[in-house]
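Work through the exercises below with the sequence and the 3D view open, and try each task before reading its solution.

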Amino acid sequence: MLRWFEDNSKSSKNSISGRGNQAYLLATAPIYDEWIRNNYELQVWQTYSKIATENKHWAKEVIQRTKRRDDTTNSRFVQKKINQLMTSIAQASASISDLQIQLATYWEYNAAEITAQKQAQTTAELTTNLIIERTGLTTTTTRVRSPILAPNTMATTASTITKGQHRDPVERLEKHILEYIHHCTLHVKKMAENRIQLAKAQMAEFKALEDFEQIATPSQWNIHLMLKPKVKLCSTKNKNKIIATKRVEYDLPPKFINKMEFTFKIDESILNKDEIQATYNEMRQITKDFRTQAMKLYVQSLGREHELLSNEIKRIIEGFPSENDDGFDAEAGCAAFKQYHELPSRGRRKQSRTCRRPDSYSITGRGFLAPAIINQANIKLTEQEHQLLRLGPRFIFDDPKTAARRRTTELATLKRKLEARFFEKKVRPGRPVEQFIAELDVLLQNLHNIPTTNKKRIQFNRARTNKSFDNLSSIIQPSQSSQSQTIIRPKIKTNYGRTIKRLKYKIHLANTVLRKTDKSKVFHLGKVDHYQKKSEEYMEKTKAYQCLGIIDPLPDLIQQTNKYLLDLRLAKWITQKQYEQLSIKPNEVELAHLYYLPKAHKPGTPLRPIISGLKHPTIKISKYLDDLLRPIFDQMALNSTVTSGFELVKKLQEWSTVNMCQDTTFCTIDVTDLYTMVPQIEGVLSLRKMLDHLKLKEVGKLKVETIIRLSRFVMTNNYFSYNGQFYHQVRGGAMGSPLTLTISNCYMYFFERQIVNQIRNSGGLYFRYIDDIFITINWPARHLLKQIERWNKFDENINLSANIGSAVNFLDLNMENKNGQLITMVYQKPSYEPYYLPFNSIHPLHMKKNIPFAMLLRAFRYCSTFETYLNEREKLRMALLLNKYPNKIIDEQFNNMLLKFSVNEPLTSNNYNRYRQNIINSPIKEKLVVNYEKSIFVHFTYCSNMRTFPKKFHILWEKYFGMSPINEVIPVLGSRNVDNLQRRLVHTRSINL
């Protein structure tokens with residue numbers, strides 16, 4: 001080590017010139033070595049813990065250590081390992097600090113001793129000079145001259161010389177030691193990086209296989225099972241070939257070749273020594289040539305085996321069936337299968353994993369997942385039930401019987417609308433309306449009664465199925481000599497109604513709750529006991545609800561609401577029209593009920609309370625006030641709020657061109673339980689404060705005092721039922737009440753005024769979306785944290801929890817400060833499920849086409865680099881394929897989006913930023929104002945046979961009303977849907993949860 005310091009540089013050589021420094025180096029080097037090795041090991045285990053938390057996947061090394069896949073056991077083991085390493089690091093740091101103190105003490109003592117020696121030597125020289133001068137024994141040539149120094153000057157000079165020649169600052173010594181240790185532990189760093197990369201690659205492989213398993217058709221899964229042992233054998237052959245090649249390189253043949261040696265005994269008494277030596281040399285050469293030829297043949301044989309297996313696997317993968325079978329979507333399964341086999345960990349790329357740099361190789365967290373369900377209740381589902389839940393809450397299956405049942409009511413509604421329009425023109429409807437309705441009824445009957453399959457289609461499906469399985473047999477037949485495969489023929493028809501009934505009965509028996517998740521919008525299965533426990537914890541934490549027992553408050557609330565409105569009317573606070581609009585009828589209202597949505601994207605799966613009060617006695621007042629006040633608030637808070645990630649992108653891009661630097665910090669703040677923590681009285685008073693701030697005395701013919709009275713009545717009369725009991729909300733507002741959002745926004749607006757001014761006066765940026773706050777500013781992170789602690793003291797009801805860094809996520813936007821440059825892209829939560837409206841759902845086609853268009857437009861707006869745009873586009877394509885969208889539709893809508901914004905040439909890294917800026921700057925088209933006097937809205941229940949109905953409807957309309965008195969009226973044809981899976985399966989009131 002000392003030799004390295006001498007040879008490395010002049011500065012490090014000076015660091016070991018003193019004995020104290022040398023002793024310090026020798027004592028601290030092993031401790032620094034342990035400290036650095038433990039830090040590398042800690043990074044590995046922290047990465048394992050992060051992978052498990054964010055992606056719900058345990059690294060293979062953890063499973064091998066614990067011998068289990070249990071989350072609790074593995075979490076404890078990893079946390080114990082992390083704690084041990086952190087303890088070792090802390091102990092090493094303490095030991096180093098002690099040695100640094102000892103070194104400083106040593107140099108202080110040594111400096112004092114050297115100073116005393118210098119003073120004694122100087123004193124002796126002065127004494128000698130005085131003696132010589134007094135005795136007169138000196139001459140000009142022999143007199144000893146010495147500079148006369150003051151004692152303080154002598155001490156300072158000696159100390160300075162000592163520090164300059166022998167002592168080095170501890171920080172510099174530490175720097176040189178760390179350079180030496182880093183130099184000696186490069187292999188440890190490389191091993192740690194490889195372990196992390198291996199864990200991520202294994203996770204990606206596991207998730208990709210899981211995705212493929214969820215969406216594969218039976219025939220595709222059979223091919224995978226057949227291919228799996230071949231891939232494993234191919235990997236083994238490749239490994240053997242690499243090892244054999246290395247053995248040839250280092251001249252280390254395997255034992256079965258090494259033990260073969262050509263030799264025989266020679267009679268040394270007959271032959272001379274030179275001939276004997278020549279013979280032995282020939283034997284050794286023959287043995288060497290034999291081993292070389294044998295090793296060459298061995299390597300060639302291994303290479304040939306690997307080549308044949310690779311070609312066979314490649315042929316099967318390329319011939320993997322992608323045509324859809326009846327009842328199964330093979331296109332998505334084919335895409336997932338190829339993605340799985342193209343992963344680096346599957347050996348499908350030429351560059352090996354060990355040769356990659358960690359910063360140049362990235363693996364996505366969860367890959368492309370099939371739309372999944374979250375089964376925390378561990379209820380056993382059949383294949384049909386699992387496939388049904390995977391279709392998601394928004395899926396609608398074809399139900400022409402419901403459409404036919406609703407036809408009579410829908411035609412009667414349309415007839416009343418037509419007659420009203422004729423009466424407006426003071427004309428009798430007459431025979432045209434009757435004939436139009438009759439002919440429309442016949443048309444709808446024919447569409448509702450057409451069977452979904454006829455004989456020709458059945459014959460076509462059978463021929464197509466047989467053809468696809470013939471192709472499948474031709475692919476796997478050469479590989480079936482050693483094993484037999486059973487091909488499962490898919491069912492053609494699925495009885496969704498029967499499966500739904502069976503699933504509802506099973507969920508009821510299993511004491512399970514079925515809900516839609518809060519963010520990812522997929523189905524979640526949880527235990528009733530879990531929901532009950534979480535509900536009690538939430539109510540206890542917020543203390544916002546008062547239990548009333550089993551006494552129903554609805555009758556009193558109806559009477560109280562109507563009496564309150566009547567008193568306002570008699571006092572002329574509201575008009576007669578407003579009174580009639582807001583008053584309620586007892587047979588039209590019902591008490592709100594509480595239920596919870598699981599937040600599967602957060603650890604522990606907390607619950608979000610929702611009070612469903614669509615028919616609550618105060619809902620009319622709440623909607624009326626919200627319609628009046630929300631536009632006013634939106635206009636007032638225009639400069640400090642955002643409504644979407646795109647709006648934030650525009651603001652942030654404009655700010656970053658002038659203010660962004662390498663030290664710019666991003667911060668996101670979450671307001672804890674905003675709706676329930678806002679005090680009711682103070683929240684209502686914030687409305688008055690807003691109206692006074694805007695100097696408004698009335699809004700929508702309502703005085704400010706009336707608005708405040710009605711708002712207070714709504715906020716203080718939130719009653720609901722839950723689990724067989726009744727509750728009164730005594731704090732905050734109901735999550736399902738429209739007015740609650742406006743009151744919460746007003747309360748936060750006046751709370752944040754001082755914060756907004758402070759941030760903007762410092763050149764920063766501040767925006768809020770309900771309870772999420774975004775800040776970017778050129779402050780140190782420590783100073784920003786202190787300010788947030790100060791802001792938390794502004795209001796005891798508002799609790800701010802912050803996340804600060806150079807990269808943050810806000811809404812669906814990811815932002816990063818990369819060396820002073822703003823990088824943005826689409827953000828997806830760790831629990832993200834790629835669920836969109838399934839293409840086989842019975843919705844009008846234009847609704848499905850809008851999804852690829854809108855999602856690619858979002859990617860174009862959000863992604864600041866061409867590479868991230870390409871990645872997001874392919875993720876979107878895979879997600880749409882998993883939701884059964886045909887490639888043709890996807891490509892068509894992608895091209896339509898680009899053409900709409902005048903992107904007329906292929907996108908490249910050179911022109912991407914220019915086109916993206918044009919799209920960002922393009923004005924958003926305002927919604928067309930509907931002229932209700934010249935429009936009539938027509939709705940019919942949609943089913944799969946009604947694709948041609950709009951065209952036929954407009955032909956009939958033109959036939960009967962083109963020359964009639966209502967010819968200027970334009971029919972706007974809309975569709976009603978039958979119940980989706982969420983409405984059929986999720987009942988929030990029936991189980992009181």
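## Exercise 1: Ser656

The side chain of Ser656 comes to 3.0 Å from the backbone oxygen of Gln653, a polar contact in the sense of a pair of N or O atoms within 3.5 Å, where within protein one must be able to donate a hydrogen and the other to accept it, and where residues adjacent in sequence count only if both atoms are side-chain atoms. This is a predicted model, in which local features need pLDDT of at least 70 and side-chain atom pairs count only at pLDDT 80 or more, whereas totals for chains, interfaces and linings use all residues. Residues are numbered from 1 along each chain as its sequence is written, and side-chain values use heavy atoms, with hydrogens and water left out.

Task: place Ser656 in its helix and decide whether Ser656 is buried or exposed.

Solution. Begin with the helix, α22, which spans residues 645-659 and contains Ser656; helices (H or I, at least four residues) and strands (E, at least two) are DSSP runs numbered from the N terminus. Next, take the relative accessible area of Ser656, which is 14%, so Ser656 is buried (buried is under 20%, exposed over 50% and partly exposed in between, with a 1.4 Å probe and protein chains only). Finally, look across to Asn817, which is 161 residues away from Ser656 in sequence but 9.9 Å away in space, C-alpha to C-alpha.

## Exercise 2: the sheet

Task: find the order of the strands in the open sheet of 5 strands, and explain why β4 and β6 each have one side without a neighbour.

Solution. Reading across the sheet gives β4-β11-β10-β5-β6, with mixed pairing, where two strands pair if DSSP finds at least two bridges between them. Because β4 (545-549) and β6 (607-612) stand at the edges with a single partner strand each, one side of each has no neighbour in the sheet. At the β6 edge, β5 (residues 592-598) pairs with β6 in the antiparallel sense over 6 bridges, and Leu594 stands opposite Ile611 in β6.

## Exercise 3: the lining of a cavity

Task: state which helix gives the most residues to the lining of the second largest cavity, and sort that lining by class.

Solution. Two helices, α29 (845-862) and α30 (866-882), each supply at least two lining residues, and α30 gives the most, with 4 residues. By class, the lining has 7 nonpolar, 1 polar and 3 charged residues; Ala, Val, Leu, Ile, Met, Phe, Trp, Tyr, Cys and Pro count as nonpolar, Asp, Glu, Lys and Arg as charged, and the others, Gly among them, as polar. A cavity here is a set of points on a 1 Å grid over the protein atoms alone where a 1.4 Å probe fits but cannot get out, and lining residues have an atom within 4 Å of a point.
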